[in-house]
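Colleague: Could you put the model up and take me through it? I'd like to hear about how its parts fit together, and then some local details.

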Protein chains: 2
Amino acid sequence: MHAAFYHGNQTITIGDCAPVEPGPDQVQLKVSHVGICGTDLHIFHGVMDQRVTFPQIMGHEVSGTVSAVGNGVTGFSVGDAVAVMPLDPCGHCPACEAGHSHICQNLKFLGIDTPGAFQSYWTVPAHTLHHLPANLSLTHGAMIEPLAVACHDVRMGQVQPGEYAVVLGGGPIGILIALVAKHAGARVLVSEINPFRLELARQLGLDAIDPRQADLPAYVTEQTGGAGADVVFEVTASPVGAEVMTQLPRTRGRIVVVGIFGQPPKVDLFRFFWRELRLFGARVYEHQDFARAIELAAEGAVPLDQIITDIRPLDQLEAGFRQMEGGGSVMKILLEV
Amino acid sequence: MHAAFYHGNQTITIGDCAPVEPGPDQVQLKVSHVGICGTDLHIFHGVMDQRVTFPQIMGHEVSGTVSAVGNGVTGFSVGDAVAVMPLDPCGHCPACEAGHSHICQNLKFLGIDTPGAFQSYWTVPAHTLHHLPANLSLTHGAMIEPLAVACHDVRMGQVQPGEYAVVLGGGPIGILIALVAKHAGARVLVSEINPFRLELARQLGLDAIDPRQADLPAYVTEQTGGAGADVVFEVTASPVGAEVMTQLPRTRGRIVVVGIFGQPPKVDLFRFFWRELRLFGARVYEHQDFARAIELAAEGAVPLDQIITDIRPLDQLEAGFRQMEGGGSVMKILLEV
């Protein structure tokens, strides 16, 4: 079997590695497809060198089939098609005890804090697995993890039918949020500056504008009869996103912070007071979001084929990173293992 | 009758003015007591000169008795003791139509956008009035408005019995929030730097610390078994308050922004993501908060006498402002009209 190893300093090598036999309550997967996440690109850029272990095998957006089952595992058999919810909580911290195990205070994120899925066989805790139904391809199965992020974000944003939602940032997560919100019955506007992504959003039936070429707050005000948006998803993690997010919502409107801000931006807290705005941080997903993502994908409710812009072999991980860095005509890149 | 007039440039004069006869759906009050609000001090400092009309009569924390009733007014008679909820919404903007008339997009705040209560007789819309029960003094009646702010903030913060609440800033509003949260069953910590206010908070049965002399986040972590606070009220409107407010809450903890920030501070949005924090802007009050404040005050559930540190005659408004500017041994100053 082979794997892609990250050595720091933007260096990836492809090499051999031995499959890990599943221990008690573990399952070994034959990896099929793995998406490249923005977080993987951050790791490649060295941002998380203090957190990962060299050489790091990254990758956490995975589909595969069960290849071996450890002692004590029930409900999964060799050959089963699965997706992995890559969270391993401690089970006993205050967050876990409060029922927030997905944001456990000692959380291990598989593929960051442990070896990940950019390898032929991946051994994971059985509690992370979700069955994929027969009518869902393994290609689409690798999209369940990011789709579950979107399902979580839309759930945290309490999106209701008929509401007006704005998504700031039309990358893979932003577009998936927009599509899940639209499926939930919202009118959705995507704000994005990349022309390829703007055009793709429009092809997907979403309203989309470039905020450099239009007055976004004025547009939202006009589209909502002077009220403002019911909910805004901030997915850019940029100072300008943090600025505009407070200009768009209606009184008691909601803002969901999805983007991961490396530095604290300036935030107009006066506007929170003035309009009684509400802000919800949203991180990863819970099992119910994974279940919902699988349901939506199996129904064909989200056009995943249009979002997967490239499928490359595993040994082209670095080429995938370079393509993502370049921006342009790229949305989600999958690696076929 | 006489009134206190603000002319800009930190100038207050006391002079005569004619009582305004109540028009249809209006009521004229004989003013009894009026609290000096931090907002009045801001106006005195010229911060709102673009918004007020010279000469401005300020004042909106009022108790009084009905002295005349206009046509069409029902439910109020001459001699009735009342407090005023000083909000006059338009009734037809998107906020009003959504049921958020207290944050109406065209809201007139009585005493800022209209003449206020620092005068012998004050004429207001009848819909702003709340009856004061016989067992509630007119002195305490002037505390209903700020107490209603606290009731609103605690309601927005969804405080539950047994929860751990932190109030950043122990001025009049902060202390009232702390007392209302305590009455709702929370354990409450007040963070304050003024020694007089710290000591007063402790006399009122609240835990209180000076964040310059103790590690506030470490203290809250220790007090909550490593979890963090359930709810934090930011009442300082300071950059350091905006910084510390994200360091204290537990996973999915709530932050209520009460302070009015003149400039957007830096806010750690990463922490919102990491712990799925929630932030709620809170502004003024709704009628249910006024009703609740009257109920609490009439029950004696909040020790208002200890919060009223001075009662001065109306012509000492400027002296009251100077006392507030000086900090020190001052909490709430009332004017007796």
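Modeller: In chain A, the C-alpha centres of domain 1 and domain 2 lie 28 Å apart, the domain bounds coming from an automatic or database domain assignment. Please keep in mind that this is a predicted model, in which local features need pLDDT of at least 70, side-chain atom pairs count only at pLDDT 80 or more, and totals for chains, interfaces and linings use all residues. Residues are numbered from 1 along each chain as its sequence is written, chains are lettered from A and ligands numbered from 1 in the order in which they are written, and side-chain values use heavy atoms, with hydrogens and water left out.

Colleague: Which residues go into domain 1 and domain 2 of chain A?

Modeller: The assignment gives domain 1 of chain A as 2-142 + 303-336, and domain 2 of chain A as 148-281.

Colleague: And how many residues of domain 1 of chain A are in contact with domain 2 of chain A?

Modeller: 12 residues of domain 1 of chain A are in contact with 13 residues of domain 2 of chain A, where contact means heavy atoms within 4.5 Å. The two domains of chain A bury about 950 Å² between them, 73% of it on carbon and sulfur atoms; buried area here is the accessible area (1.4 Å probe) that two parts lose on being put together, summed over both.

Colleague: Which residues of domain 1 of chain A lose the most area there?

Modeller: Gln306(A), Ile307(A) and Met331(A) do, and together they account for 53% of what the domain 1 side buries.

Colleague: How many salt bridges and polar contacts are there between those domains?

Modeller: Zero salt bridges are found across the interface of domain 1 and domain 2 of chain A, taking a salt bridge as a side-chain nitrogen of Lys or Arg within 4 Å of a carboxyl oxygen of Asp or Glu. There are two residue pairs in polar contact between the domains, both residues at pLDDT 80 or more; a polar contact is a pair of N or O atoms within 3.5 Å, and within protein one must be able to donate a hydrogen and the other to accept it, while residues adjacent in sequence count only if both atoms are side-chain atoms. Helix α11 (residues 304-307) of chain A gives the most to the domain 1 side, with three residues, helices (H or I, at least four residues) and strands (E, at least two) being DSSP runs numbered from the N terminus.

Colleague: OK, on to the two chains. How much area do chain A and chain B bury between them?

Modeller: Chain A and chain B bury about 3,800 Å² between them, with 62% of it on carbon and sulfur atoms. In chain A, the residues that lose the most area to chain B are Leu269(A), Phe273(A) and Arg283(A), together 18% of what that side buries. By contact, 42 residues of chain A meet 42 residues of chain B.

Colleague: What about salt bridges between chain A and chain B?

Modeller: The count is two, and Arg252(B) forms a salt bridge with Glu286(A), the closest N and O atoms being 2.9 Å apart. There are also 23 residue pairs in polar contact between the chains, both residues at pLDDT 80 or more.

Colleague: Which element gives the most to the chain A side?

Modeller: α9(A) does, with six residues. The elements giving two or more residues to that side include α9 (269-275), β14 (249-257) and β15 (278-281) of chain A.

Colleague: How does β15(A) pair with β15 of chain B?

Modeller: β15(A) and strand β15 (residues 278-281) of chain B pair in the antiparallel sense over three bridges, two strands being taken to pair if DSSP finds at least two bridges between them. Within this pairing, Phe280(A) has Arg278(B) as its bridge partner.

Colleague: Switching to backbone oddities, where are the cis peptide bonds in chain A and chain B?

Modeller: In chain A a cis peptide bond joins Phe54(A) and Pro55(A), with omega about -15 degrees, and Pro55(A) is found in the loop between α1 (38-44) and β4 (61-69) of chain A. In chain B a cis peptide bond joins Phe54(B) and Pro55(B), with omega about -10 degrees.

Colleague: And what is the phi of Asn9(A)?

Modeller: Asn9(A) has a positive phi of about 55 degrees although it is not a glycine, and its place is in the loop between β1 (2-6) and β2 (12-16) of chain A.
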